[in-house]
Amino acid sequence: MIGHWKKNFLAVVYLVAALFFIYIPVVVLVVFSFQDGQLPVPPFNGPSLQWYEKMFSNDRLVESLINSVVVAIISSLLATVMGFLAAYGMARHDIRFRAGVRFILMAPLTVSYLIIGIGLLITLNIFGIPKSLLTVGLGHIVINLPLCFAIIYSQFGGHLRNIDWAARDLGASDFQTLTRVIAPVMKPSLFAAFCLSATLSWDEFIIAFLLSRFEVTLPVIIFEMLRAGLTPEVNAAGTMVFAISMVTVAIAAIVVSVNFGARK
Amino acid sequence: MSAPGKPVAANIQFELSRWAVHPAIIFTLVFFIIPLVAMVIISFWQRIYGKLQASWTVANYEKFFGRDYLLEALYNSIEVTLLTLAISILLAYPLAYILAYKVPSRWQRFVLILTVLPFWTAYVVRSYSWLLIISENGILNVALIAIGLIDQPLEMAYGRGATVLGFVHFFTMLLTLTIYANLVQIKASYHKAAADLGANPLQIFFRITFPLSIPGVAVGAFITFVIAIGDYITPQILGGSTEVLVPQAIMLQIARAANFPMASVMSITLMIVVVIVYFIIGKYLKMDRI
Amino acid sequence: MSDYLVELQGVSKKYGTTIAADNINLTISRGEFLVLLGPSGSGKTTILSMMGGFTVPSSGRLIIDGEDVTDVPPAFRPTVTVFQDYALFPHMSVYENVSFGLSMRKIPRFERDRLTQESLETVGLAGFGSRRVHQLSGGQQQRVALARAIAVEPAVLLLDEPLGALDLKIRRQMQEELVHLQKSLGATFVHVTHDQEEAMSISDNIALVNQGKIEDYGPPDRVYLRPSTLFAANFMGDSNILEGKIVSNQGGKTLVDTKIGRLRFEGEYRLGANVHVSLRPEQIRIGKAKGSEIISLGEILVSEVVFQGTHRLCHVRAGKEKDVKLLIRFPQEHIVKTGDSMSVFARESDAVLLND
């Protein structure tokens, strides 16, 4: 082991330097969220939880946090279900215009969130639909649906076609095949798709900013706080967003690895 | 044994799953394709006294391509994105290579996760975090002064350099992931065979490894391009007011003037740039494999 | 009611311009073990899949148990398919897998339990009910797939290369068990394989499939010993194929000239036609023999010997010019070396005149 590293001294140096570069903003953000003072810059006077206290006593922020969670869960649930159904339909049937269908489903991945948001904003305007958390959620489904579809579709292998056929052969209806066989078999990827989509929705800014009005999501509130300049309260809010994303990702990773571990 | 008989399920349900793709397709058509079409239509309309008029005109496009300051935003955006791309690839490739070939395999998963974990740093504060480091009284200036390298704090924040720094940080992680995913798919036997046939390590890299890893670079580069050229937050927070990029210009049209036709023109221009890039590197992209 | 349980009447399947199955006519009797044998891509799996209802024929009719089931979905046919990869439900226990079809049929719990246990016992997996599928070996998974299929008592069990993934030894064992299972259930099995030895050891009848057509059909010994086509002769094992020309066809006899001499066959064939004659390597014997029923092959020269355990396979040269290459199987006790020379003969009745 030591010999291995000695031989690759340059590689180790590069790896450590790269990780330093990647982690320094995160570390600075987190450390100065515990700052005991007005500015999140050296010298560090902490640790103190005063900024977390301040953050949680901000009603608007807490409200937006709840909004964000609700939007993330509902939009990801819908994106996962639609992505799963689409992947199933694509995998199971020789549908017409296969390439075209896939192109349309994947197309949102090649367009910036900003442009998706502007497009929806214009459409809402034309049809006189008011901006709300609902429209934010719809926007989030647009960006997450292709990801959910791609993740789940990539897990539909040839063996799943035979499993599907076997279930039908033994008398299961369409609905029974889907709910009692295919969905349970696909559970790890469904869960992974849901969690990834939830973290993306939870942290999404531009669509939420463009499509919300009175009730807003957490990233929009944090963006407003940014206008006040550098303050440890933003550090605290950012740290919390990061922490919640991490927990979600960790749960997804554990569920997926446990499931795959058991299968193989 | 008594015969178990026929299934209870009704015959006609067999084809129900043919409709499984429809919810997703209809959703995408209604909430993605229609808005894009609306955008294209609006871009040919005019705003007269603050109201949209459905009169067909290319005046918006003429205005965009006629005004230097608007066109400059496009140039700036492309330059910043290409610069970001070049630096990110140069940083990410060696990192992915080390991960794939130098890190012992039982550590690879762990180090990879470690490398991409900050992906989930809150998006709106990611750029802000860099401000904490490079601003006038930020940690970097403090450190440099402390070790006596400089006397006066350096002006690092609020400019193109800062924007590129913020971008490079994020996209290095992303490119590392796509390149690594490609590198680990290259069979070790190819390297052994090449070495066996007399290739030295440098030849192995340039004749075997690198050509086979181009799809990973291309996919990462395309995603980087799409996200970076359309990003508003990073240039807005780190770039300051020294130059305007297209997303900032779009937001200005929306927020200040509610000028949807002009915002549409700019959005469409960005999409066209992305389409052009797609066709340039398209042959290396296998979007269906992402 | 028809004598046959399964009837394929002019069944074809086209994918675009490729024809996977071409006007298949086939009948399967009640209690028969039929093997669809053929190389990969021959269309044998397509034929099975059409019987199972997973592939809809482009034309033709499929009748099972007197009913036209051509357009009936898999669940409503009296067939159950055992897939090549078993297609066991990975999230269910062995018991849940086996009882799946029964619960889809809303069989009362008590009855379901009994039938499930019976099926597990039948395949020798009593007591395995609570195991997870991934805890089982390949052979055991194969048995679960069988138990799951027979639990719903299909009239016809369709097996799609079910032994392909198993080791040779377990495969041989499972072949025997399949035959026992089929006889004891009195069920009808249709089994797809590309292994001609497997086909011969388990089948009542073999349907040899090539390029979407049935090349040969019959009991295994007939198909092996008297193949009706050149393809059948080649596919069913090593064979010596000799080119020949029909020189006479009178009095119910046909004479064919080949490089090893003039051969006589029963029946009358078209005069002057170029034909092939097949002779199995084990049908060539050492020694000199005379008589009207004997083909004397004269002196042969051994050019290569391969010891294959049960016998010695020899590549030899025969004919006056020593320009006819033949394969001969000698018994293991007969020690031959490269360069040896000896007299050999064959029985005229063993040679087969092939339809091209």
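How many salt bridges does the rule find across the interface of chain B and chain A? In this predicted model, the count is zero. The two chains nevertheless share a contact to which chain B contributes 80 residues and chain A contributes 84 residues.

What, then, makes up this interface? Together, chain B and chain A bury about 7,200 Å², and 80% of that area lies on carbon and sulfur atoms. Polar contacts are also found here: eight residue pairs between chain B and chain A, with both residues at pLDDT 80 or more, are counted. On the side of chain B that touches chain A, helix H1 of chain B (residues 22-42) supplies the largest share, with 13 residues. Sorted by character, the residues on this side of chain B comprise 60 nonpolar, 14 polar and six charged ones.

Attention now turns to chain C. Here, five strands form an open sheet in the order E15-E19-E16-E17-E18, and their pairing is antiparallel. Why is one side of strand E15 and of strand E18 in chain C left without a neighbour in the sheet? Strands E15 (284-286) and E18 (324-331) of chain C stand at the edges and have a single partner strand each, so one side of each lacks a neighbour in the sheet. On average, neighbouring strands of this sheet are turned by 50 degrees against each other, direction ignored.

A look at one pair of strands adds some detail. Strand E17 of chain C (residues 311-318) pairs with E18(C) in the antiparallel sense, over eight bridges. Within this part of the sheet, Cys314(C) has Ile328(C) in E18(C) as its bridge partner.

Methods: Residues are numbered from 1 along each chain as its sequence is written. Chains are lettered from A and ligands numbered from 1 in the order in which they are written. This is a predicted model: local features need pLDDT of at least 70, side-chain atom pairs count only at pLDDT 80 or more; totals for chains, interfaces and linings use all residues. Side-chain values use heavy atoms; hydrogens and water are left out. Contact means heavy atoms within 4.5 Å. Buried area is the accessible area (1.4 Å probe) that two parts lose on being put together, summed over both. A salt bridge is a side-chain nitrogen of Lys or Arg within 4 Å of a carboxyl oxygen of Asp or Glu. A polar contact is a pair of N or O atoms within 3.5 Å; within protein, one must be able to donate a hydrogen and the other to accept it, and residues adjacent in sequence count only if both atoms are side-chain atoms. Helices (H or I, at least four residues) and strands (E, at least two) are DSSP runs, numbered from the N terminus. Ala, Val, Leu, Ile, Met, Phe, Trp, Tyr, Cys and Pro count as nonpolar, Asp, Glu, Lys and Arg as charged, and the others, Gly among them, as polar. Two strands pair if DSSP finds at least two bridges between them. Axes are lines fitted to C-alpha atoms, for helices over the stretch in contact, and angles run from 0 to 180 degrees between N-to-C directions.
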